[in-house]
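Colleague: I would like a close look at one part of this model. Please take a single residue and work outward from there.

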Amino acid sequence: MKQINLFTSCIVLAMLMFTNQTNAQLQTPEGSQRAQVMQRIGITNVTIDYGRPGVKEREIWGKLVPYGYNNLGFGTSKAAPWRAGANMNSTIEFTHDVKVEGKDIKAGKYGLHIALKEDGGATVIFSNNANSWGSYFYDEKEDALRVDVQTREAAHTELLTFSFPKVEANNATAVLRWEKKEIPFKVEVNVQDIVLKGITSDMRNAAGFTQANWDNAANYALNAEKLDLALEWVNSSISGSFFSKETFSNLSLKSQILAKQGKTAEAMTFVDKAAKLGNTSQVYQLGTGLIGLGQKDKALAVLKDNVKNNNGAWPSNYGLARAYSATGDYKNAIKALNIAMGNAPERFKPRLTGAMEKLKKGEDIN
């Protein structure tokens, strides 16, 4: 009896192995090759994954791709849009919350469908179902977002192609091109908000144990006009933590933040502190930055000290020439620039020569 049970068990095991082998999928090329395109907006990735059918001399719009919503004769959907590609769902993924055509959509991966209109319009559909085959199982109850756009005539594109032909700091336009039509939709990202939230979170983990990260965070906040936050972060770099210490970078950065807050007198005290810690080039940048802020007399004092403290190195004399020029003292500006030209490497001579020509004409070199 035990032998029969053993024999039976062996047969069952063999059948299971055969079944698993017959169910295994072979990897072969798809008729419409799969493709993927990604565009980063700020720190947000927008990724489109899709199949690329060819025109192959077929009539596309209104025929191969029917208008509106249709019963495709397969699956569960009785009113399916076009799958915006071939084979499996075309998908689009956002790594952060974004706006599409001005409407909010959460971070995540979505099935991408399009319902084409005969009048030249189209509805782009973002479905919470990103795993189905084509549009055969489309259900409007799973829609995350719908946006209406206008199609445009375009040069012939044989293989269906998604691209991002227009990219700006806070947005990008995705375009589907196929045959002689293109279908665009705009993706907008609140880059500043996303970056600041990310920095706030990062500074609570390992990144917050590195002083330079606080300087970089403060600099980003300064450029984003978030001055109170910038001041908070630069103060963390300067004092209060085990890694904190005064450096040229954080002191000069704090002076810029205070100046933008209108606290000019306080800002100048940090300019003085920073100038004592900077090298020739750093103090040159500090001084010329003061010229840009309209602090011409302070710039002149800082850049005079830079010459004294660095044995007349050529960048210090060039900075001094710019400071004199800013105050309208072209005579002393020419003297300082002559000294700089005598010590500067050859590759800088053309720029200094151009500055000298302007000074001799009585023109400011800043």
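The request and a connected reply follow.

Colleague: Where is Y110 placed, and which residues is Y110 in contact with beyond its sequence neighbours? Please go on to the sheets and the aromatic pairs around the chain.

Modeller: One caution to start: this is a predicted model. Y110 sits in strand β6, which covers residues 108-116. Its relative accessibility is 6%, so Y110 counts as buried; the cut-off for buried is under 20%.

Take the contacts next. Neighbours within four places in sequence are left aside. Y110 then touches S90, T91, I92 and F94, along with I105. The list also holds F126, S127, N128, A130 and A144. There is a polar link as well. The Y110 side chain reaches the backbone oxygen of K106 at 2.8 Å. Along the chain, G120 is ten residues from Y110, and the two C-alpha atoms are separated by 24 Å.

Now the ring of Y110. Ring pairs join Y110 with F94, F126 and F185 in a cluster. F94 deserves its own look. Outside its own four-place neighbourhood, F94 is in contact with Y110 and F126, and with N45, V46, V100 and I105. K106, A107, G108 and V187 complete the contacts of F94. The largest nonpolar core has 94 residues. Those touching the most other members are I48, F94, V100, F126, F162, F185 and L337.

Next, the sheet that holds β6. It is an open sheet of six strands, in the order β1-β2-β3-β6-β7-β8, with antiparallel pairing. The edges are β1 (34-41) and β8 (143-150); each has a single partner strand, so one side of each lacks a neighbour in the sheet. From one strand to the next, the twist averages 25°. Strand β6 runs antiparallel to β7 (residues 121-127), and six bridges join the two. One position in that pairing sets A115 opposite T123 in β7.

A second open sheet has four strands. Their order is β5-β4-β10-β9, and the pairing is again antiparallel. Here β5 (103-105) and β9 are the edge strands, each pairing on one side only. The average twist is 30° from one strand to the next. Two bridges join β4 (residues 98-100) to β10, and these strands run antiparallel. V100 stands opposite V187 in β10. Both V100 and V187 are also contacts of F94.

On its other pairing, β10 meets β9 (residues 152-167) in the antiparallel sense over eight bridges. R152 has E182 in β10 as its bridge partner. The hairpin that joins β9 to β10 passes through three residues.

N171 gives a view of β10 from one residue. Its relative accessible area is 10%, so N171 is buried. Sequence neighbours within four places aside, N171 is in contact with I41, K166, K186, V187 and E188. V187 is thus on the contact list of N171 and on that of F94.

Now the other rings. The whole structure contains 13 aromatic pairs. W61 and W82 form an edge-to-face pair, because their planes stand at 85° with the ring centres 5.6 Å apart. Both W61 and W82 lie in the loop between β2 (44-51) and β3 (90-94), so the pair ties together parts 21 residues apart in sequence. Both tryptophans are buried. W61 also pairs with W178, again edge-to-face, at 5.9 Å centre to centre and 85° between the planes. This pair links distant parts of the chain: W61 is in the loop between β2 and β3, while W178 is in strand β10 (residues 171-188), 117 residues apart. W178 is buried, as is W61.

Last, a helical residue for contrast. T288 lies in helix α7, residues 280-292. Its relative accessibility is 11%, so T288 counts as buried. Beyond four places in sequence, T288 touches L303 and R322. Its side chain reaches the backbone oxygen of Q285 at 3.2 Å. A326 is 38 residues from T288 along the chain, yet their C-alpha atoms are separated by 9.6 Å.

Back to the starting point. Y110 is a buried residue of strand β6, and its ring belongs to a cluster with F94, F126 and F185.

Technical notes. Residues are numbered from 1 along each chain as its sequence is written. This is a predicted model: local features need pLDDT of at least 70, side-chain atom pairs count only at pLDDT 80 or more; totals for chains, interfaces and linings use all residues. Side-chain values use heavy atoms; hydrogens and water are left out. Buried means under 20% relative accessible area, exposed over 50%, partly exposed in between (1.4 Å probe, protein chains only). Contact means heavy atoms within 4.5 Å. A polar contact is a pair of N or O atoms within 3.5 Å; within protein, one must be able to donate a hydrogen and the other to accept it, and residues adjacent in sequence count only if both atoms are side-chain atoms. Rings of Phe, Tyr and Trp (its six-membered ring) pair if their centres lie within 6.5 Å; planes under 30 degrees apart count as stacked, over 60 as edge-to-face and the rest as tilted. Two strands pair if DSSP finds at least two bridges between them. Axes are lines fitted to C-alpha atoms, for helices over the stretch in contact, and angles run from 0 to 180 degrees between N-to-C directions. A nonpolar core is a set of buried Ala, Val, Leu, Ile, Met, Phe, Trp, Tyr and Cys residues joined through side-chain atoms within 4.5 Å.
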